[in-house]
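Dear colleague,

I am passing on a structure that you may wish to look at, together with some notes on its charged side chains and on one of its sheets. Please find it below, with the notes following.

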Amino acid sequence: SVADQPVPILHFRKASAGLRRRKRDWVIPVISVSENIRGPFPLKVSQIRSNEDEVKKIYYSVTGPGADQDPVGLFTMDRDSGTLYLTQPLDREQKSVYKFLAHAVADGGGTGEEPMEINVKVIDQNDNRPVFSQDTYLGEVAESSAKGLEVIKVVATDADEENSDNSDIVYRIIDQEPKLPADKMFEINPNNGSIRVNAGGLDREKYPKQQRQRSDLHSAIECRRSAVPILHFRKASAGLRRRKRDWVIPVISVSENIRGPFPLKVSQIRSNEDEVKIYYSVTGPGADQDPVGLFTMDRDSGTLYLTQPLDREQKSVYKFLAHAVADGGGTGEEPMEINVKVIDQNDNRPVFSQDTYLGEVAESSAKGLEVIKVVATDADEENSDNSDIVYRIIDQEPKLPADQMFEINPNNGSIRVNAGGLDREKYPNNDNAPIFTQPLSVADQPVPILHFRKASAGLRRRKRDWVIPVISVSENIRGPFPLKVSQIRSNEDEVKIYYSVTGPGADQDPVGLFTMDRDSGTLYLTQPLDREQKSVYKFLAHAVADGGGTGEEPMEINVKVIDQNDNRPVFSQDTYLGEVAESSAKGLEVIKVVATDADEENSDNSDIVYRIIDQEPKLPADQMFEINPNNGSIRVNAGGLDREKYPKYTLVVQASDMRGEGLNEETKVILTVTDSNDNAPIFTQPLVSTTSL
């Protein structure tokens, strides 16, 4: 649970004498706490320790903003244990980082540690809606305006963290009244809010005013709360009644497990009839039927509220009816069907169909023979990343005669023989040779536990005869941080063992990226990784016996950063210039464009496909040139090149990764048609007949 989860333990470095140490030669990792965290409070967020607490009594305290300065008491520290507590929820928009000092003082007033600076970073949540600079924008457009003319620009801002998905705003037009002479008379730039004319037919006499409304982005990954969509009952020819079948109400999307605050405004319905007072209500499942009261509607404003978190695994879509009734019981609108889709979050782990699988394999089995198949399922949304399972073998005992005697199909869980040397007399059964498999997705994966191998005596062991599996962590992972990624264990349980990590990413640059709990051996990641910056981190894990006794030999930890498709292809030139002779034969290579992708080499993320998406002019044929999709070579594809008629061709070439289905970038190729000797000489005067001379 939130309250029970292990927290990072920050140690004062032991000095050569007394309790004092020099602070400047080491860095305290940042502690990250999500804003709006619900507790229960006080919430344990970290613990500090002095290495001298084994020989004398140490008292701990904190001072500074958030401790004994405003906001006083937000963070407190247990005097005896050094445990740091948070006493109430944080608000990133109020303060994004808290910096204060931790103190360790010896009993009796003796010399203590130098103060340790604690940095608590408040992780942003998407808890602010976009806000327009004006409630209503008024503008004018001439009826003679050409398509593409900018009419007005709307501007919205978001108080969430800058340059993050939480504050990344997308604009769109969701309604236009009237919808004549075309229902898309205007278009909006999704990035900057610029509204332009999109069609002809503006007529001041017929349509003197066009009204547009706006909406924000609802992502398939997370529900971006902003200005809620307003759904209008269509105005009928008389009274308030209208026929529903000729138009579609857009689906409202709400993320499961959303934290509120509740009641949460998710939409608003409106009747266009303003001559009488209208009262609004909702009926059906989730309203006045089970689960009753999950959705409520304000009687006067038509605002639809959600009253508690949703669970997609319990119900993925809610369908109910909205009603608009005239004051006094007059005729109202026909009921409007509301559809609320629950967006999936990755909140379910894969589950194996069996706790243990038992199988048999003949010692004469050839490599590639299927031995057994394991099956895991995930309750998250089907055919999505959240339920997409990958299998892997994380351990095999014994590791003889080879440490990879079996391999598993990562997609279907089929386990096959991978090496020769099966011997029933030496390695007879599963009790001696268990294979541990693991189903995982990026968010689901249980962390691997890495064991120091028990030696014949003491705690020491020889490292060279076994292999530590690589730990894989996806780049750009969102946390929450610190994120538990692995755990190391010593098999020696007769003495107390203390764990630590050293090397690049631990106590060397980038310092504090990985930390380890001293008592449990839990390895944490403190911030997102970038594969393009570093693809593998190699550092050492240590296990030392209490009292300074002989410990394990250091274990090398390898953390591989899994690539995400977060880089677009980049062309080597913004514009390519080339020439093509007008007499060129079909198939002649004219020029070659080259694009590269910073994502992982030899993977779909960096596998580029080229294509020509435009050609100007499109004469004498609209495909005068063709491009090799694999290497970017552009060749002549048709005859008819004529320098006098079409002296220059401009091609727009697109490079897309993911084998043509992913991120893309464009460049221009300008080809100048050069002259060929295809015109006979022409005399300026008529020929003179020799017979007349």
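Salt bridges tie Arg-92, Glu-93 and Asp-124 together in a network, and I should say at once that the model is a predicted one. Across the whole structure, the search returned 20 salt bridges, of which I describe a few in turn. As general background, side chains that carry opposite charges can pair when their charged atoms come close.

One of the salt bridges joins Asp-344 and Arg-312, with 3.0 Å between the closest N and O atoms. The two residues belong to distant parts of the chain, being 32 residues apart: Asp-344 lies in the loop between strand E23 (336-343) and strand E24 (351-352), while Arg-312 lies in the loop between strand E21 (303-306) and strand E22 (317-326). Both Asp-344 and Arg-312 are buried.

Another salt bridge is formed by the side chains of Arg-416 and Glu-370, at 3.6 Å from N to O. This pair, too, links distant parts of the chain, with Arg-416 in strand E29 (residues 414-417) and Glu-370 in strand E25 (residues 370-373), 46 residues apart. As for the solvent exposure of the partners, Arg-416 has a relative accessible area of 32% and is therefore partly exposed, and Glu-370, at 38% relative accessibility, also counts as partly exposed.

A further salt bridge brings together the side chains of Glu-532 and Arg-531, at 3.1 Å from N to O. Which of these two partners is buried, and which is partly exposed? Arg-531 has a relative accessibility of 13%, and because buried means under 20%, Arg-531 counts as buried, whereas Glu-532, with a relative accessible area of 28%, is partly exposed.

Turning to the sheet, four strands make up an open sheet of mixed pairing, in the order E2-E8-E7-E4. Its edges are strand E2 (31-34) and strand E4 (58-63), each of which pairs on one side only. On average, and with direction ignored, neighbouring strands of this sheet are turned by 30° against each other. Within the sheet, E2 runs parallel to strand E8 (residues 116-123), and the two are joined by four bridges; for a place to start when you inspect this pairing, Ser-32 stands opposite Lys-121 in E8.

With best regards

How values were computed:
Residues numbered from 1 in each chain as written. Predicted model: local features only at pLDDT ≥ 70, side-chain atom pairs only at ≥ 80, totals over all residues. Heavy atoms only, no water. Salt bridge = Lys/Arg side-chain N within 4 Å of Asp/Glu carboxyl O. Buried < 20%, exposed > 50% of the residue type's maximum accessible area, 1.4 Å probe, protein only. Pairing = 2+ DSSP bridges. Axes fitted to C-alpha atoms, helices over the stretch in contact; angles between N-to-C directions.
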